[in-house]
Amino acid sequence: MSTFQAPKGTYDLIPPSSATYLAVREAIAAPLRNSGYGYIETPGFENVELFARGVGESTDIVTKEMYAFETKGGDKLALRPEGTASTLRAALEANLHKGGNLPVKLWYSGSYYRYERPQKGRYRHFSQVGAEAIGVEDPALDAELIILANHSYRSLGLSDFRILLNSLGDKECRPVYRAALQDFLRGLELDEETRRRIEINPLRVLDDKRESVQEQLIGAPMLRDYLCEACKTYHEQVRELLTAAGVAFEDDPKLVRGLDYYTRTTFEFVHDGLGSQSAVGGGGRYDGLSEMIGGPALPSVGWALGVDRTVLALEAEGITLDLPAATSVYAVPLGEEARRVLFGKVTELRLAGVATDFAYGGKGLKNAMKSANRSGARLALVAGERDLAEGLVQLKDLQSGEQTAVALDAVVDEVRRALA
Ligand code: HAM
């Protein structure tokens with residue numbers, strides 16, 4: 001293994017493509033900031049217990065994919081595989097739910113870790129932007145989150161995605177369904193591991209991707225037919241609100257999701273250009289999670305969108321984001337005196353909010369102009385001894401090649417005018 005190789009299942013974000021990742025994060029966050037969600041940041045690791053209890057002891061995430069470890073001090077920790085349990089833990093710890101101002105609306109952006117079999121769109125280190133609305137049971141909140149995620153994707157220009165929607169019932173109706181499903185599944189021909197899953201987490205069997213299993217699942221009882229009146233009404237309201245907002249969705253009675261905390265509304269955003277790792281985002285309601293981790297009853301709902309997969313979705317649709325060049329002005333000094341003077345102008349321009357860079361390392365004119373062009377700057381600021389002696393610098397438009405002499409003390413104003 002080369003020393004310069006990132007660990008398996010990971011990759012680096014490097015310029016220029018890293019700018020797209022930042023823009024995607026920003027595009028997902030913008031509608032949240034605009035809708036009352038406050039930014040939260042939690043540690044990259046937590047006590048392993050939080051995820052075991054929160055995400056669920058029987059999930060793949062906890063049993064197979066968690067980076068769990070013991071510290072030298074004997075603490076049992078895990079790199080966070082997702083953000084919901086951490087966010088709720090932090091909200092409870094800070095008593096945010098006691099301010100009498102529910103729901104507590106939070107958004108986050110960060111790195112998550114799952115020891116998965118790497119493939120395109122599935123990594124061991126990946127990035128999510130997520131949102132959680134804690135402490136309120138209101139179908140409008142579920143609808144709000146789905147509408148906001150839809151808005152984010154649309155604002156990036158994506159259109160080849162679908163929203164899958166389901167209800168997983170609540171603590172009244174789900175156990176009844178679970179028992180009925182178990183009865184059905186026990187009669188099928190399944191391998192050892194799947195049989196074990198029937199006893200621990202039967203709904204996950206519905207999610208089995210193997211054709212041999214899917215064939216046998218035809219005729220399996222559907223949760224839809226077991227929903228209690230309260231869950232049915234709730235779900236109908238979510239659907240109506242989405243429809244009224246003009247957000248198209250597909251009812252997917254088989255949508256289960258890979259985390260145990262979900263109740264009622266669950267949804268997934270799938271992109272049709274991504275092959276097997278098509279879920280670009282997902283979420284749902286988790287009315288029981290707070291109690292599962294030792295808190296009070298706090299019905300909540302949220303989602304997380306995968307930044308890596310959203311970038312892949314942009315590629316799949318051939319979308320190039322219209323990102324402004326990182327640098328607007330590139331300064332090219334010719335000689336020692338010019339270096340000193342222009343460096344001062346660079347600092348001045350930066351303080352004035354103009355993105356400016358400088359030809360470091362005493363490059364010759366030709367090399368420096370090459371760097372100026374590569375930087376994407378619109379303008380070059382060039383000065384030699386003779387210009388300076390006259391109190392001037394040359395302002396060159398790098399697209400048209402047009403060059404004008406500008407008085408040294410008018411540089412900031414002239415640059416601003418040229419960029420406007
Ligand atoms: P999740 O469905 O496990 O949900 O992950 C959300 C998104 O993260 C996925 O749709 C996908 O885009 C991305 N993702 C997950 N695993 C990987 C991976 N190995 N490589 C690349 N991308 C990945 C959650 O994490 C829940 N916490 C969402 C939520 C928030 N539910 C309620 N609130």
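Trainee: How do you know that Arg210 and Asp191 form a salt bridge?

Mentor: In this predicted model, the closest N and O atoms of Arg210 and Asp191 are 3.3 Å apart, and a salt bridge asks for a side-chain nitrogen of Lys or Arg within 4 Å of a carboxyl oxygen of Asp or Glu, so the pair qualifies. The pair links distant parts of the chain, 19 residues apart, with Arg210 in the loop between helix 8 (202-205) and helix 9 (211-217) and Asp191 in the loop between helix 6 (174-186) and helix 7 (192-200).

Trainee: Why is Arg210 called partly exposed, and why is Asp191 given that label too?

Mentor: Partly exposed is the class between under 20% for buried and over 50% for exposed. Arg210 has a relative accessible area of 38% and Asp191 one of 32%, so each value falls in that class.

Trainee: What makes Lys76 and Glu70 a salt bridge, and why are these residues called exposed?

Mentor: The side chains of Lys76 and Glu70 meet at 3.7 Å, N to O, which is within the 4 Å limit, so the name applies. Lys76 has 52% relative accessibility and Glu70 has 52% as well, and because exposed means over 50%, each of them carries that label.

Trainee: How do you know that Arg122 and Glu116 form a salt bridge, and are these residues buried or exposed?

Mentor: Their side chains meet at 3.9 Å, N to O, and this is within 4 Å, so the pair is counted as a salt bridge. Both Arg122 and Glu116 are buried, which means that each has under 20% relative accessible area. The structure holds 31 salt bridges, and elsewhere Asp60, Lys64, Glu193 and Arg197 are linked in a network of them.

Trainee: What makes Lys363 eligible for a patch of positive charge on the surface?

Mentor: Lys363 gathers there with Lys366, Lys370 and Arg374, and membership needs over 30% relative accessible area and no salt bridge. Lys363 has a relative accessible area of 33%, so the area condition is met for this residue. As Lys counts as positive, the sign of its charge fits the patch. Lys363 itself lies in the loop between strand 13 (356-358) and helix 14 (365-374).

Trainee: Why is Phe358 called buried, and where does this residue lie?

Mentor: Phe358 lies in strand 13, and its relative accessible area of 3% is under the 20% cut-off, so the label buried follows. The C-alpha atoms of Phe358 and Arg339, 19 residues apart along the chain, are separated by 9.3 Å.

Trainee: Why is Ile40 also called buried, with a relative accessible area of 13%?

Mentor: Because 13% is under 20%, Ile40 meets the condition for being buried, although the place of this residue is in the loop between strand 1 (38-39) and strand 2 (45-47). The C-alpha atoms of Ile40 and Leu206 are separated by 34 Å, with these positions 166 residues apart along the chain. Over the whole protein, 49% of the 420 residues count as buried.

Trainee: How many domains does the assignment give, and what separates their centres?

Mentor: The domain assignment gives domain 1 (18-173 + 227-316) and domain 2 (329-419), and 48 Å separate their centres, taken over C-alpha atoms. The C-alpha trace of the protein spans about 90 × 50 × 45 Å along its principal axes, and the protein has 16 helices and 16 strands.

Methods
Residues numbered from 1 in each chain as written. Predicted model: local features only at pLDDT ≥ 70, side-chain atom pairs only at ≥ 80, totals over all residues. Heavy atoms only, no water. Patch = residues over 30% accessible without salt bridge, like charges linked within 9 Å, V, L, I, M, F, W, Y side chains within 5 Å. Areas by Shrake-Rupley, 256 points an atom, 1.4 Å probe, with all protein chains shown as cover. Charge placed at Lys NZ, Arg CZ, Asp CG, Glu CD. Helix = DSSP H or I, 4+ residues; strand = E, 2+ residues; numbered from the N terminus. Buried < 20%, exposed > 50% of the residue type's maximum accessible area, 1.4 Å probe, protein only. Domains from an automatic or database assignment.
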